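Here are a few exercises to work through with the model open in your viewer. Try each one yourself before reading the solution.

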Amino acid sequence: MTSVRIREMTASDIAEVTAIENESFSTPWSEASFLSELGSTGSVCLVAIEDGSVIGYVCASCVLDEGHILNLAVRPDRRRMGVGRMLALSALKGLYSLGCRTVFLEVRESNTAAKRLYESIGFRVLGLRRDYYHRPREDAVVMVLRLR
Ligand SMILES: CC(C)(COP(=O)(O)OP(=O)(O)OC[C@H]1O[C@@H](n2cnc3c(N)ncnc32)[C@H](O)[C@@H]1OP(=O)(O)O)[C@@H](O)C(=O)NCCC(=O)NCCS
């Protein structure tokens, strides 16, 4: 892998971000959802850049001392190279600097790759939200990490 850097997402990244989003999720966020998230108070939206292209992104938000990872994906041909972990750790740093001390997320129960990634950086399972997802209908595993 050539060098990958993480930087803040800007509006001009959103076309590339949405292309990855569409390949990664059955109910993808629209360009408008990303734009709205970028403009929200307490948002941490980052992209991973390789050779001038977006190869992954993460969106998280912080309200008071609570953070939430909203969205994370890596371009299919760049997966399993550590980019997802880099993005998640960078988002946690951003959330911490905004004052978050506890971070939550939901993940499909069948999404082993994401669950392993989150566990590898310290997230623990808190419980299940029944039928949280649709297309296909599935429970969400709720995970939590206390930041220090
Ligand atoms: C989940 C996702 C973001 C992981 O990104 P990635 O760049 O491939 O992940 P990394 O290379 O940083 O992997 C970090 C760790 O996660 C785990 N992991 C990642 N992919 C995995 C897989 N396919 N199977 C099992 N474990 C996996 C491993 O523990 C890995 O560490 P290791 O390579 O040292 O064993 C990526 O698979 C993706 O975009 N999936 C589709 C979108 C998605 O499901 N997002 C999460 C929504 S909650």
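**Exercise 1. Work out how the shell around the ligand divides by residue class, and where its residues come from.**

Keep in mind that this is a predicted model.

Step 1: sort the shell by class. You should get 9 nonpolar, 6 polar and 4 charged residues.

Step 2: check the total. The ligand is surrounded by 19 residues, and the closest are R79, G84, R85, A113 and L117.

Step 3: map the shell onto elements. β4, α3 and α4 each give two or more residues to it. The largest share belongs to α4, with 6 residues.

**Exercise 2. Decide whether M143 is buried or exposed, and list what it touches.**

Step 1: locate the residue. M143 sits in strand β7.

Step 2: count the surroundings. M143 has 21 other C-beta atoms within 10 Å, and the cut-off for buried is 20 or more. M143 is therefore buried.

Step 3: collect contacts, skipping neighbours within four places in sequence. That leaves L105, V107, Y118, F123, R124, V125 and L126.

Step 4: try a long-range pair. H68 is 75 residues away from M143 along the chain, yet their C-alpha atoms are separated by 10.0 Å.

**Exercise 3. Trace the strand pairings of β3 and say why β3 counts as largely enclosed.**

Step 1: pair β3 with β2. The two run antiparallel, with 8 bridges, and V44 stands opposite A60 of β3. Their hairpin has 2 residues between the strands, and D51 there takes a positive phi near 50 degrees.

Step 2: pair β3 with β4. This pairing is antiparallel too, over 8 bridges, and S61 has H68 in β4 as its bridge partner. These strands also make a hairpin with 2 residues between them, where L64 in the turn has a positive phi of about 50 degrees.

Step 3: look at burial. Because 8 of its 11 residues are buried, β3 is largely enclosed by the rest of the structure.

**Exercise 4. Find the residues that touch the most other members of the largest nonpolar core, then follow L95 outward.**

Step 1: rank the members. The core holds 37 residues, and L46, Y57, V58, L87, A91 and L95 touch the most other members.

Step 2: see which elements contribute. Those giving two or more residues include α1 (14-24), β3 (53-63), α3 (83-97) and β7 (138-146).

Step 3: follow L95. Ignoring residues up to four places away in sequence, L95 touches V44, A60, C62, G67, C100 and V103. Two of these names should look familiar: V44 and A60 are the opposite residues from Exercise 3.

Key:
Residues are numbered from 1 along each chain as its sequence is written. This is a predicted model: local features need pLDDT of at least 70, side-chain atom pairs count only at pLDDT 80 or more; totals for chains, interfaces and linings use all residues. A nonpolar core is a set of buried Ala, Val, Leu, Ile, Met, Phe, Trp, Tyr and Cys residues joined through C-beta atoms within 7 Å. A residue is buried if 20 or more other C-beta atoms lie within 10 Å of its own, exposed if 12 or fewer, and partly exposed in between; C-beta atoms are placed from the backbone. Helices (H or I, at least four residues) and strands (E, at least two) are DSSP runs, numbered from the N terminus. Two residues are in contact if their C-beta atoms, placed from the backbone, lie within 7 Å. Two strands pair if DSSP finds at least two bridges between them. A residue is near a molecule or strand if its C-beta atom, placed from the backbone, lies within 6 Å of it. Ala, Val, Leu, Ile, Met, Phe, Trp, Tyr, Cys and Pro count as nonpolar, Asp, Glu, Lys and Arg as charged, and the others, Gly among them, as polar.
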